[in-house]
Amino acid sequence: MITLDHVTKTYPGSDRHAVDALDLTIETGTTVTMIGPSGCGKTTTMRMINRLETPTGGRVLVDGEDVSKVDVRTLRRRIGYVIQQVGLFPHMTIERNVATVPRLLGWEKARTDRRIDELLELVSLDPSVMRKRFPHELSGGQRQRVGFARALAADPEIMLMDEPFGAIDPITRVKLQDEFRQILKKVSKTVVIVTHDLDEAIKMGDRIAIMRDGKLLQYDTPEAILAHPVDDFVESFLGPDRAIKRLSLIPVLSAMGAAGGEISGPSIGQAASLHDALALMLADNLPGVGVKDDAGMPVGYLSREAVLAAHA
């Protein structure tokens, strides 16, 4: 869906490349998180996809088409864009904010109204309550949900998200991350997320792009990067607890043994990760925990030894 072909960006008056001969291919339907130290070029790279920045060299292709040859307004209407501070129009109601792109595309009112209701429900906002409200009447988390809905309004194939959860408190951030992952299961999109948060990059990305000084250092699945960092810098960037972080990517179902009858003591849901299970074991000094299905029925038992074996 997105190809960056030897893309370079140099700003006037600078003696270094903000982005340096970057080659990257993002497959259709993939969520890619871009991360690296401040000034590494990740935001500039993302902004070149919808021509908010213009490459100094190389090409950016969207669905095989060079974006430099596409009318910029047409291009941006095809790409959803979410930023950290949401950027809702303060003088417009929520319904008018969500309908921004459909109105520009000349959609009929009935179609637009249906789409507004559909999207507000998708992001867990009641249309009957929210449509007529203004942004200042919403919490930060609600405004971010409206930002997601607006970006999805014209059903774009691509979504670009620049620190979308960065300005939200930690509890709401985790909830929104989980909700957005569920949304992506319902709507097939190619998503690029720029983040400074390594845990967020691991949680949200099908693949992670790690950058430094305008160069792409490693591009792979979260588990592969955590298991096999490409160099000393990436290993240091991932931190000394990268092996523990890997456990968050491994489901308990992959390591548990048979339940052996009724489970006594603490248990954990089958959708949990080995990281969740180990945290529970350590908190309560347990040799293991039971695993239950969504109905609360025992399905297995997970021991510390099984976690350590999966960790190895």
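Which residue in E4 stands opposite Ile 2? In this predicted model, the residue that faces Ile 2 across the pairing is Val 62 in E4. The two belong to neighbouring strands, since strand E1 covers residues 2-9 and strand E4 covers residues 57-62, and the two strands run antiparallel with 5 bridges between them. A little further along, Leu 4 stands opposite Val 60 in E4, and reading these two pairs one after the other is a good way to follow the antiparallel direction on the screen: Ile 2 is set against Val 62, and Leu 4 against Val 60.

Strand E1 also has a partner in strand E2, residues 19-26, and this pairing is again antiparallel, with 5 bridges. Within it, Val 7 has Leu 22 of E2 as its bridge partner. With both pairings in view, the wider arrangement can be described as an open sheet of 4 strands, in the order E2-E1-E4-E5, with antiparallel pairing. Strand E2 and strand E5, residues 65-66, stand at the edges of this sheet and have a single partner strand each, so one side of each is left without a neighbour in the sheet.

We can now turn to strand E7 and the strands that pair with it. Strand E6, residues 79-83, is joined to E7 by 5 bridges, and here the two strands run parallel; Val 82 has Met 161 in E7 as its bridge partner. Strand E8, residues 190-194, pairs with E7 as well, also in the parallel sense and over 5 bridges, and in this pairing Met 159 stands opposite Val 191 in E8.

How many of the residues of E7 are buried? The strand is mostly covered, with 5 of its 5 residues buried. In a regular strand the side chains alternate between the two faces of the sheet. It is therefore useful to look at E7 one face at a time: Ile 158, Leu 160 and Asp 162 lie on one side, Met 159 and Met 161 lie on the other, and all of these are buried, so that both faces of the strand are covered.

Another open sheet has 3 strands in the order E11-E12-E13, and its pairing is mixed. Its edge strands are strand E11, residues 267-269, and strand E13, residues 298-303, each of which pairs on one side only. From one strand to the next, the twist averages 35°. Strand E12, residues 288-292, is joined to E13 by 5 bridges, and these two run antiparallel; in this pairing Val 291 stands opposite Gly 300 in E13.

From strands we move to aromatic side chains. A pair of aromatic rings is described by the distance of the centres and the angle of the planes. Searching the whole structure gives 3 aromatic pairs. In one of them, the rings of Phe 148 and Phe 165 have centres 5.8 Å apart and planes at 70°, and because planes over 60 degrees apart count as edge-to-face, this pair is given that name. The pair links distant parts of the chain, as Phe 148 is in helix H7, residues 140-152, while Phe 165 is in the loop between strand E7 and helix H8, residues 170-186, with the two 17 residues apart. Both Phe 148 and Phe 165 are buried.

Phe 148 also pairs with Phe 180, this time in a tilted arrangement, with 5.1 Å from centre to centre and 40° between the planes. This pair, too, links distant parts of the chain, for Phe 148 in helix H7 and Phe 180 in helix H8 are 32 residues apart. Phe 180 is buried, as is Phe 148, and the ring pairs link Phe 148, Phe 165 and Phe 180 into a cluster.

Rings can also have arginine side chains over them. Arg 111 lies over the face of Trp 107, at 3.6 Å from the ring centre, and Arg 150 lies over the face of Phe 89, at 5.4 Å from the ring centre.

The last stop is empty space. Rolling a probe the size of a water molecule over the atoms shows where empty space is left. The largest pocket holds about 690 Å³ of space. It is lined by 24 residues, of which Arg 181, Ile 202, Lys 203, Met 204 and Leu 249 are the closest to its centre. Two or more lining residues come from each of H8, helix H9 (198-204), helix H10 (222-227), helix H12 (242-247) and helix H13 (274-284), and H9 gives the most, with 4 residues.

Technical notes:
Residues numbered from 1 in each chain as written. Predicted model: local features only at pLDDT ≥ 70, side-chain atom pairs only at ≥ 80, totals over all residues. Heavy atoms only, no water. Pairing = 2+ DSSP bridges. Axes fitted to C-alpha atoms, helices over the stretch in contact; angles between N-to-C directions. Phe/Tyr/Trp six-rings, centres within 6.5 Å; stacked < 30°, edge-to-face > 60°. Buried < 20%, exposed > 50% of the residue type's maximum accessible area, 1.4 Å probe, protein only. Lys NZ or Arg CZ within 6 Å of the ring centre and 35° of its normal. 1 Å grid on protein atoms, 1.4 Å probe; cavity = no way out; pocket = protein on both sides within 12 Å on 5 of 7 lines; lining within 4 Å. Points joined across faces, edges and corners; volume = space filled by probe spheres on them.
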